[in-house]
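Dear colleague,

I am handing over the structure we spoke about. Please look through it before reading my notes below.

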4 protein chains.
Amino acid sequence: MSAPGTPTLGIGMVGYSFMGQAHSQAWRTAPRFFDLPLAPRMRVVAGRDGDAVRAAAERLGWDESVTSWQELIARDDVDLVDVCTPGDTHAEIAIAALQAGKHVLCEKPLANSVAEAEAMVAAAERAAARGVHAAVGFTYRRVPAIQLARRLVEQGRIGEVRHVRAQYLQDWLADPQAPLSWRLDKEKAGSGALGDIGAHVVDLAQFVTGELLTGVAGMLETFVRERPVPASFAGLSGEAGEGTGPVTVDDAAVFFGRLAGGGLATFEATRFAWGRKNAIRLEVNGTRGSLAFDFEDMNLLHFFDATDDAEVAGFRRIVVTEPEHPYGGHWWPAGHGLGYEHAFTHQVVDLVEDLAAGKQPTPSFADGLAVQRVLDAVERSSDAGGGWVDIP
Amino acid sequence: MSAPGTPTLGIGMVGYSFMGQAHSQAWRTAPRFFDLPLAPRMRVVAGRDGDAVRAAAERLGWDESVTSWQELIARDDVDLVDVCTPGDTHAEIAIAALQAGKHVLCEKPLANSVAEAEAMVAAAERAAARGVHAAVGFTYRRVPAIQLARRLVEQGRIGEVRHVRAQYLQDWLADPQAPLSWRLDKEKAGSGALGDIGAHVVDLAQFVTGELLTGVAGMLETFVRERPVPASFAGLSGEAGEGTGPVTVDDAAVFFGRLAGGGLATFEATRFAWGRKNAIRLEVNGTRGSLAFDFEDMNLLHFFDATDDAEVAGFRRIVVTEPEHPYGGHWWPAGHGLGYEHAFTHQVVDLVEDLAAGKQPTPSFADGLAVQRVLDAVERSSDAGGGWVDIP
Amino acid sequence: MSAPGTPTLGIGMVGYSFMGQAHSQAWRTAPRFFDLPLAPRMRVVAGRDGDAVRAAAERLGWDESVTSWQELIARDDVDLVDVCTPGDTHAEIAIAALQAGKHVLCEKPLANSVAEAEAMVAAAERAAARGVHAAVGFTYRRVPAIQLARRLVEQGRIGEVRHVRAQYLQDWLADPQAPLSWRLDKEKAGSGALGDIGAHVVDLAQFVTGELLTGVAGMLETFVRERPVPASFAGLSGEAGEGTGPVTVDDAAVFFGRLAGGGLATFEATRFAWGRKNAIRLEVNGTRGSLAFDFEDMNLLHFFDATDDAEVAGFRRIVVTEPEHPYGGHWWPAGHGLGYEHAFTHQVVDLVEDLAAGKQPTPSFADGLAVQRVLDAVERSSDAGGGWVDIP
Amino acid sequence: MSAPGTPTLGIGMVGYSFMGQAHSQAWRTAPRFFDLPLAPRMRVVAGRDGDAVRAAAERLGWDESVTSWQELIARDDVDLVDVCTPGDTHAEIAIAALQAGKHVLCEKPLANSVAEAEAMVAAAERAAARGVHAAVGFTYRRVPAIQLARRLVEQGRIGEVRHVRAQYLQDWLADPQAPLSWRLDKEKAGSGALGDIGAHVVDLAQFVTGELLTGVAGMLETFVRERPVPASFAGLSGEAGEGTGPVTVDDAAVFFGRLAGGGLATFEATRFAWGRKNAIRLEVNGTRGSLAFDFEDMNLLHFFDATDDAEVAGFRRIVVTEPEHPYGGHWWPAGHGLGYEHAFTHQVVDLVEDLAAGKQPTPSFADGLAVQRVLDAVERSSDAGGGWVDIP
């Protein structure tokens with residue numbers, strides 16, 4: 001909560017489906033559990049369908065709704081634009097908002113192409129010179145166990161990184177009769193498993209190790225190339241709500257790469273792993289120890305300290321809910337675990353604190369571009385039949 | 001969210017520390033994710049310290065604050081009184097509220113004695129005859145995995161219950177230098193590990209099996225009988241913030257009992273289990289299968305179906321986040337797990353739906369009394385040196 | 001293996017079913033992986049059925065077979081008698097063997113009654129004065145993870161013991177149609193789940209903590225009182241191989257007790273826990289840390305060190321296969337786990353080393369009697385309706 | 001055990017270190033727990049150092065020892081040659097043995113090069129025409145959980161394979177001061193992590209899915225290029241037992257590939273994963289379900305059946321010790337788990353049964369060549385900078 005007299009931060013959000021709901025919960029909740037230096041005010045949400053966006057505004061807790069993101073950006077009472085739309089609109093909205101002097105929080109992946117992402121970085125740099133800041137929503141960085149992982153790497157407790165193995169496994173497309181959605185349309189989504197979920201594990205690998213990938217080799221695959229068109233889909237793309245339509249993105253991506261420090265990293269992203277609902281797995285092996293995380297047990301971090309006596313060395317199952325832990329002490333007593341949405345609240349907290357301090361929030365658009373370059377290199381490798389592609 | 005024109009339900013909450021925070025989050029959040037038949041309005045919170053309760057009201061989202069629970073009960077705009085105070089005040093507040101025609105949600109344990117609990121049940125029955133209802137906050141019932149466990153027992157998928165083993169393990173008193181608090185003061189808290197956490201596993205055992213305990217034998221223990229008095233404690237009890245003071249409740253309780261259907265149940269509640277932060281473990285073995293739950297992995301339920309072919313039989317690790325699961329489809333996609341606080345939101349949802357339907361919400365005060373009788377029998381068994389005590 | 005010129009130790013084994021097989025594998029295997037100070041010679045196995053015992057001798061690797069245990073004991077080339085028969089014969093055989101100057105390894109439980117066990121202890125003490133030693137086969141002590149647990153307690157890394165929770169869960173009687181066997185016949189087996197499997201967890205609790213139980217309260221239950229008589233059963237008891245026969249032992253036992261140092265211990269033994277095949281679970285919580293073990297993952301010990309920094313404290317999952325670990329370095333490289341039977345080999349190794357050194361092997365008959373007294377106290381408590389029973 | 005009159009199978013083993021110990025335990029143990037159609041006789045072990053091989057013969061249970069493998073092959077009482085030497089000698093010994101009319105069991109990897117492996121396959125095919133058979137020791141196939149995995153795939157319970165992810169993680173080289181050994185010498189070992197442990201997971205992936213890899217892209221890495229020379233090493237290679245020497249093999253390998261059926265497979269093999277002792281992990285995702293295995297819990301197989309009702313679907317934790325399971329009923333009761341060495345016993349059992357039946361045992365040398373071709377393709381891909389390499 002903000003102390004009386006705290007300056008406000010007017011928020012405008014574009015988009016209100018899955019990500020919009022998660023962001024709204026975060027804006028509503030952050031001030032209840034954290035002392036924020038700026039008091040967020042949920043001013044306005046934008047969407048194309050007037051009735052729907054009005055209903056969303058009421059349900060999600062926004063003061064008003066508008067049917068044009070341009071209108072939202074133009075408002076004086078909006079200090080920050082929160083972009084929760086599909087990837088094909090990120091560049092246009094975010095750049096316009098920054099040019100209008102609004103801070104931006106943009107959902108990931110930053111853009112649908114490297115070129116768009118580069119334009120966004122350029123816009124962000126120009127804006128930063130004027131004290132206006134942009135961040136990209138790689139929210140899983142804000143899971144306490146991931147923050148702790150980063151902290152341990154920074155403390156040198158893992159030593160030099162030798163290996164990263166990162167997987168993002170889901171199963172919602174494993175059934176060939178699962179319907180089409182905008183996430184399977186290359187125009188809207190840019191890419192499939194690679195950009196939607198692979199992007200997360202690339203960002204996590206780079207964030208936790210503090211190292212960028214310098215090259216990759218990979219392969220994309222679309223296992224199911226036609227899927228039923230649901231009635232609800234027609235509104236989005238104009239296709240009829242019957243028959244089947246083409247899947248134009250990848251169902252799965254596998255790749256490996258080299259980290260700047262010389263370590264090897266392997267990646268897999270798929271929506272075809274029956275029984276794995278949202279398994280984000282990250283393992284790091286270094287010269288002094290190892291880390292392991294699985295989002296299916298998101299409140300845990302596993303840490304092997306190779307300096308422990310051999311007799312009692314073993315992966316430590318750390319329940320990351322202590323006051324000593326990242327974001328600890330703000331929620332519930334130890335052991336009373338957090339859920340998916342809390343990472344969004346932490347994202348808001350960190351963002352607001354950085355903005356109040358005049359600091360560049362993280363991950364920046366440049367960080368988002370770094371991920372985009374990896375995704376692009378994987379696509380080019382796959383197109384070329386799996387060969388190595390350097391990342392500039 | 002409630003549709004336009006939905007009748008409102010004015011809420012007044014008494015107490016605003018740990019439980020008050022959790023309840024507030026639930027009242028704020030429930031209408032955002034569920035279509036409620038009554039629209040909760042967070043009217044007023046009561047506490048003795050005017051400045052503190054005013055600050056709490058703002059932080060927690062209550063319209064107003066008052067310094068007297070009697071005043072809160074007297075308000076016309078309060079339809080439901082949410083009692084979040086220590087156990088020694090439950091009976092007085094809840095009975096007064098019911099007599100004033102207010103619905104009541106009372107934190108557990110229902111009371112500090114069977115006599116108080118019986119008086120509360122009597123008041124609840126009188127109120128119910130007038131359409132005013134009371135419920136007790138055994139919130140862990142609202143964890144989706146626990147609801148699924150109950151559902152499977154009801155479906156007969158476990159068969160007749162042979163065994164329950166239930167443990168609630170914490171470690172916040174394992175350090176002998178951990179300070180005193182009201183939870184260690186028999187006057188305030190009624191009992192220690194038994195009433196605070198043991199009550200939860202007794203309720204879960206009775207809820208999931210659908211059977212009451214008919215008798216128990218048990219033993220209580222206070223391992224550390226003097227603890228440092230923290231400065232913050234003085235305000236509560238008048239003792240100086242220095243030296244040590246007596247622990248007048250149990251540190252740990254162990255007991256076993258018989259279920260109405262003939263099964264055997266074992267229980268343990270302790271705050272001395274180093275490394276176990278909030279480990280609520282429940283296992284049920286029946287004639288057709290078994291269930292296992294541990295709150296340290298609260299989004300999981302483990303189910304063994306003895307009718308599966310032996311070749312492929314095994315405990316199924318069910319990630320309880322599918323649309324088919326209890327409370328499923330209201331939050332996030334499958335695999336995007338929930339946290340501790342969500343059970344409080346579910347409690348509000350179920351309560352509001354029952355009140356709107358004119359139904360008795362569960363767990364009722366009678367359910368709370370059933371737990372209280374078990375706790376009382378354990379205390380009497382322990383006082384008598386561990387012998388068997390029938391539960392009427 | 002023994003060096004050339006190593007003195008031999010002639011072994012005679014009585015009984016050759018499940019336990020006889022496990023002991024034979026141990027006698028065969030121990031010299032292959034360990035340098036033993038005495039070279040075991042598998043001289044003779046005894047059983048009542050001449051053809052069967054002859055076949056068993058060949059299969060199990062014994063030089064000869066006899067149809068009388070008295071004959072086996074009388075042989076000059078037998079230095080140690082390994083008693084693998086049901087509990088009703090332990091006292092007679094073991095006492096006779098000790099009187100004949102033979103070392104004895106006797107399967108658990110030591111006897112079917114305290115009186116028998118006391119007579120065996122007396123015989124063992126008389127024998128010990130002449131350098132003849134007796135041990136009882138609580139084999140699970142020899143699982144490396146259990147030995148490591150004991151070592152950590154001895155090193156003070158757990159501090160004072162506050163809690164033990166011990167369970168032995170199986171499911172082979174959960175099906176009411178599972179047939180009768182001698183293990184369900186009180187005459188033969190002495191007791192049911194309590195004596196067969198409960199004995200193991202009582203011994204493990206006392207061994208790992210180094211403390212005896214001073215009293216218990218408990219309850220036994222026979223859920224299924226009649227079971228089908230299998231054809232193979234007739235030979236054992238004279239009953240026809242049809243119809244049903246009575247189960248005269250307990251199906252399950254629950255009890256709690258007090259350790260000599262003041263800690264609380266809970267126990268459960270059952271063959272009705274569907275899905276748990278041989279789940280021996282032991283948890284110990286002390287003032288400085290905790291231990292957890294489950295035989296379903298027998299190569300692991302979990303250790304929480306409360307002196308670790310809170311930021312990185314967590315249960316350590318120790319893979320107990322390093323050279324630094326008990327029995328480490330004799331088998332395979334780290335991580336190449338052991339199985340059930342290896343504990344029997346370790347038992348042979350420890351026994352032979354103690355005998356060669358003229359030391360009393362452990363667990364002694366006195367240790368076995370200590371377990372027997374606990375079982376007896378549980379039975380008396382159950383008979384008396386669950387009250388407390390002191391253990392002398 | 002073999003019935004009286006069972007024909008014998010004379011065994012000669014070449015090499016007696018780690019693998020020789022494991023194979024010896026298998027030859028000793030198999031007849032004790034399984035009814036074999038041929039009775040193995042442990043005739044002779046060969047090694048270069050006369051004293052050492054004589055001591056090994058006694059310790060490991062071989063009747064005699066010789067100092068020349070040629071002499072061993074020449075013996076009339078040897079029917080099968082068990083090759084347990086480093087990979088550089090496999091081709092010469094195995095081909096000579098086959099030409100001499102001896103069955104061959106050859107440790108993996110089959111050879112140090114594809115050319116050698118092809119020669120071995122040719123020799124095996126010529127021998128097979130004369131009823132003499134050869135098999136390669138990919139022992140992990142004989143872990144019961146792996147056999148069950150294969151059985152479930154064959155039954156169609158996984159459907160078409162979409163994904164395999166296979167990892168073999170160890171940590172014994174993670175310490176840069178870990179000494180040199182023959183396994184780090186390309187001359188002796190052929191390759192490093194790739195051939196030593198990667199070979200296993202390649203074979204497991206191909207065996208469980210029943211599909212061969214059609215192409216791969218990969219990268220090898222040697223993180224530590226100089227290591228201390230231990231005194232014991234001098235004898236092997238002539239180098240002094242001081243200073244450091246070069247590591248000429250890979251420390252780690254990462255690669256992905258395409259299965260014949262179109263699925264994607266990822267692989268990683270490393271000895272630098274601190275805390276992972278012998279973690280062989282295999283996951284398979286198909287159109288109807290998923291499988292997961294980790295050798296750290298070798299008695300378990302996890303199976304997700306996508307045809308289960310969503311309410312109760314979850315990975316089933318199958319304890320693979322039931323009589324219905326592969327190799328079930330021959331060892332101990334359910335839940336009394338097996339260890340590393342049991343897979344070697346199962347290998348002997350399957351081999352002897354196939355030889356007695358005149359069947360080609362598996363994995364054949366051709367299966368071993370198929371693995372070798374994958375390893376070779378990975379090396380070529382790595383040499384070429386990570387590009388795709390088709391496998392003929």
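What follows covers one annotated domain and two chain contacts. Please keep in mind that this is a predicted model.

Domain. The UniProt record, an unreviewed entry, lists "domain: Gfo/Idh/MocA-like oxidoreductase N-terminal" for residues 10–129 of chain A. Over that stretch of chain A, helix accounts for 49% and strand for 21%. The C-alpha atoms at the two ends of residues 10–129 are 21 Å apart.

Chains A and D. This contact involves 30 residues of chain A and 30 residues of chain D. On the chain A side, the elements that supply two or more residues are the strands β7 (161–169), β8 (213–221), β11 (252–259), β12 (264–270) and β14 (289–294). Of these, β12(A) provides the largest share, four residues. Sorted by class, the chain A side has 15 nonpolar, eleven polar and four charged residues.

Chains C and B. Here 30 residues of chain C meet 30 residues of chain B. Two or more residues each come to the chain C side from β7 (161–169), β8 (213–221), β11 (252–259), β12 (264–270) and β14 (289–294) of chain C. The element that gives the most to this side is β12(C), with four residues. By class, the side of chain C that touches chain B divides into 15 nonpolar, eleven polar and four charged residues.

If you open the model at one place, β12 would serve: β12(A) gives the largest share to the side of chain A that touches chain D, and β12(C) gives the most to the side of chain C that touches chain B.

Regards

Note on methods:
Residues numbered from 1 in each chain as written. Chains lettered and ligands numbered in written order. Predicted model: local features only at pLDDT ≥ 70, side-chain atom pairs only at ≥ 80, totals over all residues. UniProt positions renumbered as here; feature names shortened; annotations may be inferred. Contact = placed C-beta atoms within 7 Å. Nonpolar A, V, L, I, M, F, W, Y, C, P; charged D, E, K, R; others polar.
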